[in-house]
Amino acid sequence: METVAGSPAVIVAIDGPSGTGKSSTSKAVAAQLGLRYLDTGAQYRAITWWMVHHGVDITDPAAIAAVAGQPEIVSGTDPAAPTISVDGTDVAGPIRTQEVTAKVSAVSAVPEVRTRITELQRTIARAAEGGIVVEGRDIGTTVLPDADLKIFLTASPEARAARRSGELNGADVKATQEALVKRDAADSSRKTSPLAKAGDAVEVDTTDLTLQQVIECVVTLVEERREGKTLVEGKRAAR
Ligand SMILES: Nc1ncnc2c1ncn2[C@@H]1O[C@H](COP(=O)(O)OP(=O)(O)OP(=O)(O)O)[C@@H](O)[C@H]1O
Ligand SMILES: Nc1ccn([C@@H]2O[C@H](COP(=O)(O)O)[C@@H](O)[C@H]2O)c(=O)n1
């Protein structure tokens with residue numbers, strides 16, 4: 001399978017805790033290299049929004065599991081304009097509220113929710129003929145264990161909180177840090193596909209890097225992987 005530009009298709013998995021730069025990096029890398037882009041956190045937020053909107057008790061995993069198959073979640077994978085809708089409603093704004101952010105870890109820990117969303121993610125990745133960058137928490141470990149390249153982004157909690165509070169117009173950095181550390185702890189300690197670095201992932205600590213430096217680092221890693229694939233395919237063709 002080849003991309004429009006003639007390069008082999010690549011599947012890139014980017015995981016890491018909150019605020020490490022997964023979305024910003026993944027979007028930019030995908031746009032630069034002509035790949036599709038999937039924000040899997042947006043899908044978990046979308047199903048959480050649906051649960052809240054339908055009055056499902058978020059503290060009751062059985063209640064969440066019973067309706068996990070109902071919402072129809074559609075993700076648009078253009079890195080220049082990613083979209084997310086639930087049952088035909090554009091939820092790009094509502095999924096970013098404090099309420100959804102506070103509840104998403106509980107909903108995403110329910111195994112029935114993960115099975116449903118993981119299937120959706122694999123279907124989207126399979127359909128991306130030219131390749132895709134998929135970002136989340138369990139992409140390299142569970143969703144796409146055969147990805148061509150796995151990256152695990154990290155950054156100190158202080159750096160991540162400063163980035164996030166900048167986004168929230170100078171919100172209290174300490175409170176922001178506590179909230180993201182709490183969410184990471186919940187995501188890392190759940191039983192089903194927790195936030196974790198895959199054994200074969202390349203770890204990039206972004207604490208002291210600018211976003212542009214991280215993007216360049218990941219673009220280089222993808223290009224190297226593509227060159228490797230071209231060599232392997234060339235050898236196969238020559239046999
Ligand atoms: N290396 C960096 N240096 C400074 N700011 C950065 C860097 N990387 C990302 N940012 C900024 O930090 C904020 C969080 O980045 P981003 O949303 O990409 O993180 P994330 O890992 O996807 O977070 P989440 O998992 O919570 O969605 C954004 O405002 C982004 O512009
Ligand atoms: N692969 C993933 C991606 C996300 N989650 C859960 O969704 C939450 C929101 O993610 P953001 O990237 O939008 O911050 C996250 O805290 C996880 O609970 C997940 O479980 N698996």
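UniProt positions are given here in the numbering of this model, with shortened feature names, and such annotations may be inferred rather than shown by experiment.

A quick note before the exercises. Residues count from 1 along each chain as its sequence is written, while chains are lettered from A and ligands numbered from 1 in the order in which they are written. The model is predicted, so to speak of local features takes pLDDT of at least 70 and side-chain atom pairs count only at pLDDT 80 or more, whereas totals for chains, interfaces and linings use all residues.

**Exercise 1. Find the residues that UniProt annotates as "binding site", and work out where Gly16, Gly19 and Thr20 sit.**

Step 1. Start with the record: the unreviewed UniProt entry puts "binding site" on Gly16, Pro17, Ser18, Gly19, Thr20, Gly21, Lys22, Ser23 and Ser24.

Step 2. Place three of them. Gly19 is in the loop between strand E1 (10-15) and H1, and the loop between E1 and H1 also holds Thr20 and Gly16. Helices (H or I, at least four residues) and strands (E, at least two) are DSSP runs, numbered from the N terminus.

Step 3. Check burial. A residue is buried if 20 or more other C-beta atoms lie within 10 Å of its own, exposed if 12 or fewer, and partly exposed in between, with C-beta atoms placed from the backbone. Gly19 is buried, with 24 other C-beta atoms within 10 Å; Thr20 counts as buried with 27, and Gly16 with 25.

Step 4. Look for contacts, meaning C-beta atoms (placed from the backbone) within 7 Å. Setting aside residues up to four places away in sequence, Gly19 touches Ala155, Arg160, Arg163, Arg164 and Leu180. With neighbours within four places again left out, Thr20 meets Leu153, Thr154, Ala155, Arg160 and Thr206, and Gly16 meets Lys22, Phe152, Leu153 and Thr154.

**Exercise 2. Describe the shells around ligand 1 and ligand 2.**

Step 1. Use this cut-off: a residue is near a molecule or strand if its C-beta atom, placed from the backbone, lies within 6 Å of it.

Step 2. Take ligand 1. It has 16 residues around it, and Gly21, Lys22, Ser23, Ser24 and Arg163 are the closest. Helix H1 (22-33), helix H7 (157-167) and helix H9 (211-238) are the elements that give two or more residues to this shell, with H1 giving the most, three residues.

Step 3. Turn to ligand 2. Of its 15 surrounding residues, Gly41, Tyr44, Ser108, Gly136 and Arg137 come nearest. H2, helix H4 (98-108) and helix H8 (173-189) each supply at least two residues, and the largest share, five residues, is from H2.

Step 4. Sort by chemistry: Ala, Val, Leu, Ile, Met, Phe, Trp, Tyr, Cys and Pro count as nonpolar, Asp, Glu, Lys and Arg as charged, and the others, Gly among them, as polar. The ligand 1 shell splits into three nonpolar, ten polar and three charged; the ligand 2 shell into four nonpolar, six polar and five charged.

**Exercise 3. Test whether the span of helix H2 fits its length, then say how buried H2 is.**

Step 1. The expected span of a helix is 1.5 Å times one less than its number of residues. For the 14 residues of H2 (residues 40-53) that should be 20 Å, and the end C-alpha atoms are 20 Å apart, which agrees.

Step 2. Eleven of those 14 residues are buried, so H2 is largely enclosed by the rest of the structure. Among them are Tyr44, Arg45, Trp49 and Trp50.

Step 3. Just after H2, Gly55 takes a positive phi of about 70°.

**Exercise 4. Identify the largest nonpolar core and the element that gives the most to it.**

Step 1. A nonpolar core is a set of buried Ala, Val, Leu, Ile, Met, Phe, Trp, Tyr and Cys residues joined through C-beta atoms within 7 Å.

Step 2. The largest has 30 residues, and those with the most contacts inside it are Val12, Val29, Ile132, Val133, Val134, Leu144 and Ile151. E1 gives the most to this core, with five residues.

Step 3. Apart from it lies another core of 21 residues, including Ala46, Ile47, Trp49 and Ile64.

**Exercise 5. Compare the settings of Asp87 and Ser193.**

Step 1. Asp87 isn't a glycine, yet has a positive phi of about 50°. Asp87 lies in the loop between strand E4 (83-86) and strand E5 (89-90), and is partly exposed, with 13 other C-beta atoms within 10 Å.

Step 2. Ser193, also not a glycine, has a positive phi of about 30°. Ser193 is in the loop between H8 and strand E8 (202-205) and is buried, with 20 other C-beta atoms within 10 Å.

How values were computed. Two residues are in contact if their C-beta atoms, placed from the backbone, lie within 7 Å.
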